[in-house]
Amino acid sequence: MNLIMPDKHYMKMALRLAARGTGWVSPNPLVGAVVVQDGEVVGRGWHHRYGKPHAEVMALMDTGSRSRGATLYVTLEPCNHHGQTPPCTEAILAAGVKRVVTATLDPNPTVNGGGAAFLREKGIQVEMGLLAEEGRRLNEAWFTWVETSLPFVIAKAACSLDGKIATRTGDSKWLTGETARGFGHQLRHGCDAILVGIGTVLADDPQLTTRLARRRGKDPIRVVLDSHLRTPPTASMLNLESLSPTWIATTPAAPRDRLESLESAGAEVLVLPEKKGRVSLEALLQELGRRRVQSLLVEGGAEVLGAFLDQRLVDKFYFFYAPKILGGKTGYPAVAGQGVAKLSEAHQAQHLSLRRLGPDLLVSAYLNKS
């Protein structure tokens with residue numbers, strides 16, 4: 001006899017399935033689905049890649065003839081419009097599903113309740129809001145982009161226990177261990193774009209690629225803040241075998257010859273409004289959002305992280321702490337910028353999370369932009 005589990009059990013299963021699409025489905029959301037018949041899971045599916053069948057269709061294909069009269073648990077309201085794929089509501093109707101349970105409403109104007117309304121009109125029982133907070137957090141970048149047209153901004157830094165990213169001589173490799181660095185590459189894989197400043201490019205010549213075992217990761221779009229176009233055409237990120245482009249953000253004051261040289265080297269130069277002589281971060285985020293960049297990983301350096309924090313543009317942060325103390329007045333801090341004048345103005349972390357990664361400690365949290 002089958003054990004009848006509560007609805008939350010099946011929705012959690014669908015959420016775990018949805019997460020398997022991390023890094024591959026943008027600009028679509030992560031979606032997972034589970035089909036249950038008489039207390040037995042008879043079908044599972046998730047959205048694998050952008051342009052491929054949606055989670056509901058994958059789960060119903062896995063179910064076969066056992067979908068009639070079943071319950072479908074899906075992490076996001078089924079779509080009711082033609083996009084890269086046909087409407088999921090039609091597949092649900094054709095499969096004979098009796099009941100649909102979803103975690104969150106789809107805020108996309110092309111859906112936004114239309115999928116649920118269509119299914120109800122056809123006599124299917126629809127229940128909304130089960131584990132809604134978990135469902136929204138799973139797609140926090142996508143929800144932010146749909147609702148604001150701006151990317152979800154994630155700040156990342158690796159530092160010592162006393163908050164330094166390098167010694168007084170600039171020595172920084174490797175501050176954290178292999179496990180923490182691997183987690184950092186998972187973050188890169190999961191984000192649409194990664195950003196550094198020109199100082200980091202000149203000092204470290206980074207590739208900004210995702211290096212995971214068996215090449216299972218996706219390279220994010222590489223974005224460089226470079227107000228005067230000092231990026232050399234020989235930079236490593238411009239000479240990679242990577243499917244992702246490199247975008248260099250600059251101001252109208254940048255020399256034309258350098259712009260043409262970088263474009264000849266394969267970069268796309270984004271000429272954006274300036275603010276106090278530097279690229280306007282607000283204008284950059286607007287342009288990235290227009291280009292369907294939903295998540296932006298800001299890796300530094302310290303001045304860039306400080307600028308994003310000073311302007312309260314960071315949604316979430318990941319700080320990796322190595323069990324080391326570097327000391328010294330001239331060591332390099334993880335975050336520079338102007339900083340706050342009073343403790344009452346400090347950035348307050350919310351929903352703080354702590355995690356051990358080998359010998360290191362990961363602290364992550366959300367920041368209130370107001």
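**Close-ups of a predicted model**

The count of aromatic pairs in this predicted model comes to five. One of them, Phe183 with Tyr318, is tilted, with 6.0 Å from centre to centre and 55 degrees between the planes.

**View 1. Phe183 of helix H7 meets Tyr318 of strand E15.** Look along the sequence and these two partners are 135 residues apart, so to speak, at distant parts of the chain: Phe183 belongs to helix H7, while Tyr318 belongs to strand E15 (residues 316-321). Phe183 has a relative accessibility of 17% and therefore counts as buried, the cut-off being under 20%. Tyr318 is buried too, with a relative accessible area of 11%.

**View 2. Phe183 also pairs with Phe320.** This time the geometry is edge-to-face, with the centres 5.9 Å apart and the planes at 65 degrees. Since Phe183 sits in helix H7 and Phe320 in strand E15, the pair ties together parts of the chain that are 137 residues apart in sequence. Both Phe183 and Phe320 are buried. Put the three rings together and you get one aromatic cluster, made of Phe183, Tyr318 and Phe320.

**View 3. His189 is tucked into its surroundings at 6% relative accessibility, so it counts as buried.** We're still in helix H7, which covers residues 178-190 and includes His189. A polar atom of the His189 side chain lies 2.8 Å from the backbone oxygen of Thr22. Setting aside residues up to four places away in sequence, His189 touches Thr22, Gly23, Trp24, Thr210, Leu212, Arg216, Gly217 and Lys218.

**View 4. Two arginines each put a charged end over a tryptophan ring.** Trp24, one of the residues that His189 touches, has the charged end of Arg49 over its ring, 4.0 Å from the ring centre. Elsewhere, Arg291 does the same kind of thing with Trp247: its charged end sits over the ring, 4.7 Å from the centre.

**View 5. Val100 is buried in strand E4.** The strand runs over residues 99-104, and Val100 has a relative accessible area of just 1%, so it counts as buried. What does Val100 contact, leaving aside neighbours within four places in sequence? The list is Leu72, Val74, Pro78, Ile92, Leu119, Ile124, Gln125, Val126 and Glu127. Don't go looking for Ile165 in this frame: 65 residues along the chain from Val100, its C-alpha atom is separated from that of Val100 by 49 Å.

Notes. Residues are numbered from 1 along each chain as its sequence is written. This is a predicted model: local features need pLDDT of at least 70, side-chain atom pairs count only at pLDDT 80 or more; totals for chains, interfaces and linings use all residues. Side-chain values use heavy atoms; hydrogens and water are left out. Helices (H or I, at least four residues) and strands (E, at least two) are DSSP runs, numbered from the N terminus. Buried means under 20% relative accessible area, exposed over 50%, partly exposed in between (1.4 Å probe, protein chains only). A polar contact is a pair of N or O atoms within 3.5 Å; within protein, one must be able to donate a hydrogen and the other to accept it, and residues adjacent in sequence count only if both atoms are side-chain atoms. Contact means heavy atoms within 4.5 Å. Rings of Phe, Tyr and Trp (its six-membered ring) pair if their centres lie within 6.5 Å; planes under 30 degrees apart count as stacked, over 60 as edge-to-face and the rest as tilted. A charge sits over a ring if NZ of Lys or CZ of Arg is within 6 Å of the ring centre and within 35 degrees of the ring normal.
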